[in-house]
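Subject: Structure for your review

Dear colleague,

Please find below the structure that I am handing over to you. My findings follow directly after it.

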Amino acid sequence: MNKRLFSASLLLLLAVMSATAFSQKFPGFSKSKTGLYYKIYKTSGDTSTPRYGNYVTFDMLYHGNSHGKDSVFFNTRKGDHPEPVKMYLSTPGFKGDIFEGIAMLAKGDSGTFIVNSDSVLFKTFRLKKLPAGIDSNGYFIFQVHLLSYQTPESMIFGEETQVKKYIADNKITEKPNSLGLYIIESKVGTGTKIDSGCHVKLNYKISLVDGKELYSTYERPQPAKFEYGNPIETQGFQYAISKLRNGSKAKFIVPSSLAFGGKGNGSMVPPYQSVIYDVEILDVKTKAEFEKEQSDNKKAEQLMADSLKKIEPVLLEKYLKDSSITVKPLPSGLYYIQVVAGTGPKAEAGKTVKVHYTGRLLNGRVFDSSRKRGTPIEFMLGRGQVIRGWDEGISLMKQGGKATLIIPSAIGYSDRDMGVIPPYSTLVFDVELIEVK
């Protein structure tokens, strides 16, 4: 069916929806023995239809009532990556299932199917709870255009043909092993062999045989890391990676039997599709080497933390002196410096407050600012939703007030490494209490 015919069918669907207003009768629709309402649009003389257990490819649009309005929930022809649905046609999971409707269509046919929204969401989509705005007694309207269907046998044959063509086109001379797995090592590693318990750092890319890229660590900030023996990727990947050493570069051609099998992997990998891994092993450590490295790193981190803990009071004293701050700390260690006295309601434990803030380290580096984001933070005071220094400092203010809070690590983040905030860091916050409620 071409786009014009598909669009015309969609207009007809919308007209039917408008006319029936989701009535129980659905004029113009037939009803199957299981209770599925349907309307078939024939486009060819083909009468053969898919069987349960076949693999179907189709375009689909479905929509229904959400928050009182008709809303399109899914359309294979729209979005960032428009493409048809490819899936295993399982037996219906309930009476009136959309799978029954798909099995009514011959190649090229379109159909409109009306299915109870409660059944679709809980039995087909396996949701745990009803989404907001959806009526469990309402209906979803499915517009399906069947593009093709295949038997498992024909898909297996297609996979074999596709791999043979890939091998020929890329002039690959290596032979597959007894499992049908190709391991093509372009650079032979000379380092530690990957074995059980080894910790591996690597870059890799996964593609389909047709060249479609599925995932790549090369596009991420850090390479992948894993302990060999723990599940990662596919069975074929697990097996092939054990044949490499540190420094290896290789390509794996993994048959579907060792990858995602006859079910595929959602919209990413169709059923009965071989996948290709391009792998570069960057580092391999034995279990003993890795544990020693972790121990050494932990000791180094502890030495650094001890150093930061000792120097924190020295840096704080210097900051107070350089900034000419003479206020005395509260018993908790908090320095509270009022800038503008608020005139509104007082902030008290149990009340919700809205605060604008800018947070700095003692060296002046700004690590966070709600003003830069344009959105104040909102939290309930005295419930531990923020650091102790904030709970105490904000509770000293009234709505409309401004203050500077100097918060030692003991009532801040203590010995935790917060990335931009090192362990044992005294923090300086310029705060404004926007609202108390």
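The lining of the second largest pocket divides into nine nonpolar, three polar and two charged residues. Please bear in mind that this, like everything below, was computed from a predicted model. The second largest pocket has a volume of about 290 Å³. Its lining is made up of 14 residues, and those nearest the centre are Leu315, Leu361, Leu362, Asn363 and Ser425. Helix α6, which spans residues 287–322, gives the largest share of this lining, with six residues.

Helix α6 also has a part in a surface feature, since Val314 is found in this helix. Together with Ile311 and Leu315, Val314 makes a nonpolar surface patch of about 240 Å². Leu315 thus appears twice in this account: in the patch, and among the residues nearest the centre of the second largest pocket.

The largest pocket has a volume of about 950 Å³. Of the 43 residues that line it, Pro84, Val85, Lys86, Met87 and Ser267 are the closest to its centre. Two or more lining residues come from each of the strands β3 (55–66), β4 (69–75), β5 (85–88) and β7 (139–150), and from each of the helices α2 (98–102), α3 (117–124) and α4 (152–169). Among these elements, β3 provides the largest share, six residues. By residue class, the lining of the largest pocket holds 23 nonpolar, 13 polar and seven charged residues.

Helix α4, one of the elements that line the largest pocket, also contains a salt bridge. Its partners are the side chains of Asp169 and Lys165, with an N to O distance of 2.7 Å. Both residues lie in helix α4, four residues apart, which is about one turn of the helix. In general, side chains of opposite charge can pair when their charged atoms come close. The salt bridge count for the structure comes to 15, taking a Lys or Arg side-chain nitrogen within 4 Å of an Asp or Glu carboxyl oxygen as the criterion.

Finally, some remarks on the chain as a whole. The chain contains eight helices and 19 strands. Its radius of gyration is 32 Å, whereas a compact globule of 437 residues would have one near 22 Å. Taken along the principal axes, the C-alpha atoms fill a box of roughly 90 × 70 × 35 Å.

With kind regards

Notes
Residues are numbered from 1 along each chain as its sequence is written. This is a predicted model: local features need pLDDT of at least 70, side-chain atom pairs count only at pLDDT 80 or more; totals for chains, interfaces and linings use all residues. Side-chain values use heavy atoms; hydrogens and water are left out. On a 1 Å grid over the protein atoms alone, a cavity is a set of points where a 1.4 Å probe fits but cannot get out, and a pocket is an open set with protein on both sides within 12 Å along at least five of seven lines; lining residues have an atom within 4 Å of a point. Grid points are joined across faces, edges and corners, and a volume is the space filled by probe spheres set on the points. Ala, Val, Leu, Ile, Met, Phe, Trp, Tyr, Cys and Pro count as nonpolar, Asp, Glu, Lys and Arg as charged, and the others, Gly among them, as polar. Patches are made of residues with over 30% relative accessible area and no salt bridge: like charges are joined within 9 Å, nonpolar side chains (Val, Leu, Ile, Met, Phe, Trp, Tyr) within 5 Å. Accessible areas come from the Shrake-Rupley method with a 1.4 Å probe; for residues, only the protein chains shown count as cover. The radius of gyration is taken over C-alpha atoms; the globule rule is 2.2 Å times the number of residues to the power 0.38.
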